[in-house]
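Dear colleague,

Please find below the structure that I am handing over to you, followed by a summary of what was found in it. I would be grateful if you would read the summary with the structure open beside it.

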Amino acid sequence: MISFELSDEQKLVKDTVASFAADQIEPIMRESDDSENVRQDIISKGWGLGLLGGSIPEEYEGFGEEISALTGVIAIEELAWGDLSTALYLTAPAALALSVLDQGNEEQKKEILPAFTGEEYRPASCALVEPYFNFCPSALKAVAVRDGDEYVLNGKKCLVPLAQESESMIIFAATQPGMGFSSVDAFVVPAAGQGVTVSERERNMGIKALPTYQLELKDRRVPAASRLGGESGSDFLRLLSRSRLALAALAVGMSRRCVEYSRDYSIQRVAFGDPIASRQAIAFMVAEMAIEVDAARLLTWEAAWRCDKGMDFEKDAALAKNYAAEMAMMVCDRGVQIMGGHGYINENPVELWFRNARGFATFEGMVMV
Amino acid sequence: MMIDFELSPRIKGTKNMIHMFAESALRPIAREYDTNEHKKPQDLLKMVQKVMGGGISGAFGTEEKKKEGEEPKEKKRRETNLAGGVTVEEIFWGDAGLALSFPGPGLGGAAVQASGTPEQKEKFLARFAGEEPVWGAMAITEAEAGSDTANIRTTAVLDGDEYILNGEKIFVTSGKSALVESQGFVVVWATLDRKAGRAGIKPFVVEHGTPGMEVTKIEDKLGIRCSDTVSLAFMDCRVPKENLLGNPEVVDKSKTEGFKKVMATFDATRPLVAAMAIGVGSAALDLLKKTLAEEGVEIRYGISPCRMTALERDIMKMDADLKAARLLTWRALWMLDNGQRNDLQSSMAKAKAGSAVTWITQKAVEIMGPLGYSQDLLLEKWMRDSKINDIFEGTGQIQLLVTARRLLGFSREQLK
Ligand SMILES: Cc1cc2nc3c(=O)[nH]c(=O)nc-3n(C[C@H](O)[C@H](O)[C@H](O)COP(=O)(O)OP(=O)(O)OC[C@H]3O[C@@H](n4cnc5c(N)ncnc54)[C@H](O)[C@@H]3O)c2cc1C
């Protein structure tokens, strides 16, 4: 039966994360962007909310709460309301941990998951995106070739969060090039080692507070046992789609903040004797921004709900993610427009959102619910 | 309760049934009643009256509308409005023109539901459950008062036990069906005192056959041609005093209560117009996808935007837009069913659905090329039909205006 009402537990999660975002993350958004880093005490506090540890089963030393993609998207929308870089920073380890939990074999789960249940933030990462203009997850150029007990990885990765900071990461590579999404396998490997070069920090237009790197893989040899799911491999499209749910929710959260900010500004800013919001050219922009944020959220919720129900959700997740990415750019562009010249300067946050927003078109695989 | 996107078994059952009806009874005759604009599908209308008892295009569950903050009377979850939305979508998937011509209380009935006294409801609504098709209509719009409903000039003057109406209304949906072809009525908005502004505007029920009322014009239209859209002239038209809808507070010239109440019917009807739009949009998208599949054109969902063909981009945007519009619409209806104030969400849904579906149908015709433009298929008709959803029940701009005022906390004076 159709319902748009959050469960009591979801309400609690939402409220908890929302107040953390408002009290701790949002006030340092600009500072984080300027300093190109997120304060570690904030990361520790965010980790302390137990979002990831909570969803790891007790047998792997977590709290074993029910895992729900829907609850996940509700929570990280709130994080991104506070700041996108911080949200990505905090949730990057989940991309690895939840991939292992969902697709790993028993040994992999036992070996890897307990590390993410501790009190201290545990950086970890996923390397999916590649530095080519027509990058597509269904046609990775990074390849993994089986050689006895090992796989040999070759290729390039970019937009890899926390590659220097992490001990371990997932590297996605094609084991059967040309086979689309089913060609891709995941390898859970140490972040450093022979055959891998981690670049200096990347310089991107946005998400500046999140350290990201390029990787170069040259005959990087990894044990065959590090292939996610072991000999049977893993369902890459499923992982990718769950990552897309997360990205869509992040886009919704950040855009929602931008709508609220623009709305408040347009009420208070006076031009020609009236608040600029009293003119339809501005008011209608605000209305459309709000409608599109809600539209993207509902698409995201529905896709996440399908995922939780065990239905096909891959197509829905892709539609939601692309929709949310477009929406975020539209909304943040208008955010700058509504503030005029004041939107263009760093004293106000809209230019930051504007830079962040375009990233959603490119981001893949960095986070997960 | 928790978030759930699955229709209840009951609604699913209805949906399937209506879909079959739409496919077998509406699609085959859709073209005929587009080409012959003023012809009515008499057999179909009789059949609809029999089967649906006039409930289908009517005032779905408006009786369940609650005041802000008021708890729903029963804790039991209702889904009357949602069921109405789903039904409407399926019928309009079949054909919008035919669907709009269906008998039933219509917008006039919705106004009676929203602001009539129990006696008035009994008196005016009972007729819709009979054997013969009956229509209700609503006449707000005038030549000088469209979006600007407060500018109504039709006057009502009390004379003994009667009100005397004078003026002219335009664009009355099913006006001829209600007043000439059946024992129906029209709810006419007229002002008791122009100086009183909105507070002076009141809804009057005018019965078929009332002397002094005349259908003066039947419009030829771009689309939804099976639905009659008429002008009505009122020349010293006398209606009983009891036909002014509502209790004494409504009659009070100093209060806008009556105006507001009738306006509040929009909270229930706007999402239904959104559902109408979505029905037409999904008809177009279904046809487009079927054609592409037959031609072996694959849509590669999930690939990066930078690798999509223009066609893939369009189809995916159509998919997402349609689904987003539907979810926004369901949310507005669900809120109504649960006694929550939904004026903001109703306008959001209609704004989105109206613009999304006009775009979707236009794009579908473009993509289908000469096949899309040809009258051999119904697609070109759907493009013409769908445009109305961005116009009646408040244009797209009016929906944005309502949405913006609510978001900004601005009054009508602060945001014109
Ligand atoms: C087929 C059909 C059926 C109809 N059925 C009914 C019916 O049953 N009963 C009934 O009463 N009416 C009915 N209408 C009338 C319909 O509701 C009006 O046409 C509609 O509300 C717009 O009014 P208008 O045509 O006078 O346009 P106008 O109000 O003159 O608007 C013209 C343009 O200006 C824009 N505009 C107007 N005001 C503003 C503003 N404040 N801010 C920004 N933009 C603005 C509008 O969006 C529109 O784009 C019907 C119309 C049609 C075509």
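**Domains of chain A**

Chain A is divided into domain 1 (8-121), domain 2 (125-232) and domain 3 (236-361); such bounds come from an automatic or database domain assignment. This is a predicted model, in which local features need pLDDT of at least 70 and side-chain atom pairs count only at pLDDT 80 or more, while totals for chains, interfaces and linings use all residues. Residues are numbered from 1 along each chain as its sequence is written, chains are lettered from A and ligands numbered from 1 in the order in which they are written, and side-chain values use heavy atoms, with hydrogens and water left out.

Taken over C-alpha atoms, the centres of domain 1 and domain 3 of chain A are 22 Å apart. Their contact (heavy atoms within 4.5 Å) takes 23 residues from domain 1 of chain A and 29 residues from domain 3 of chain A.

**Annotated spans of chain A**

Two annotations come from an unreviewed UniProt entry; their positions are given in the numbering used here, feature names are shortened, and annotations may be inferred rather than shown by experiment.

- "Acyl-CoA oxidase/dehydrogenase middle" covers residues 141-219 of chain A. This span is 0% helix and 57% strand, with its end C-alpha atoms 14 Å apart.
- "Acyl-CoA dehydrogenase/oxidase C-terminal" covers residues 238-365 of chain A. Here the chain is 78% helix and 3% strand, and the end C-alpha atoms lie 11 Å apart.

Helices (H or I, at least four residues) and strands (E, at least two) are DSSP runs, numbered from the N terminus.

**The ligand site**

The ligand is surrounded by 21 residues (each with a heavy atom within 4 Å of it), and the closest are Q280(A), T141(B), S147(B), F171(B) and T395(B). Because these residues come from chains A and B, the site is shared between chains. In chain B, β1 (136-139), β3 (162-173) and α14 (396-408) each supply at least two residues of the shell.

Three polar contacts (pairs of N or O atoms within 3.5 Å) may be inspected:

- A nitrogen atom of the ligand is 2.5 Å from a side-chain N or O atom of Q280(A).
- An oxygen atom of the ligand lies 2.6 Å from a polar side-chain atom of S147(B).
- A backbone N or O atom of I140(B) is 2.8 Å from an oxygen atom of the ligand.

Taken alone, the ligand exposes 970 Å², of which the protein buries 69%; accessible areas come from the Shrake-Rupley method with a 1.4 Å probe.

Yours sincerely

Methods. A polar contact is a pair of N or O atoms within 3.5 Å; within protein, one must be able to donate a hydrogen and the other to accept it, and residues adjacent in sequence count only if both atoms are side-chain atoms.
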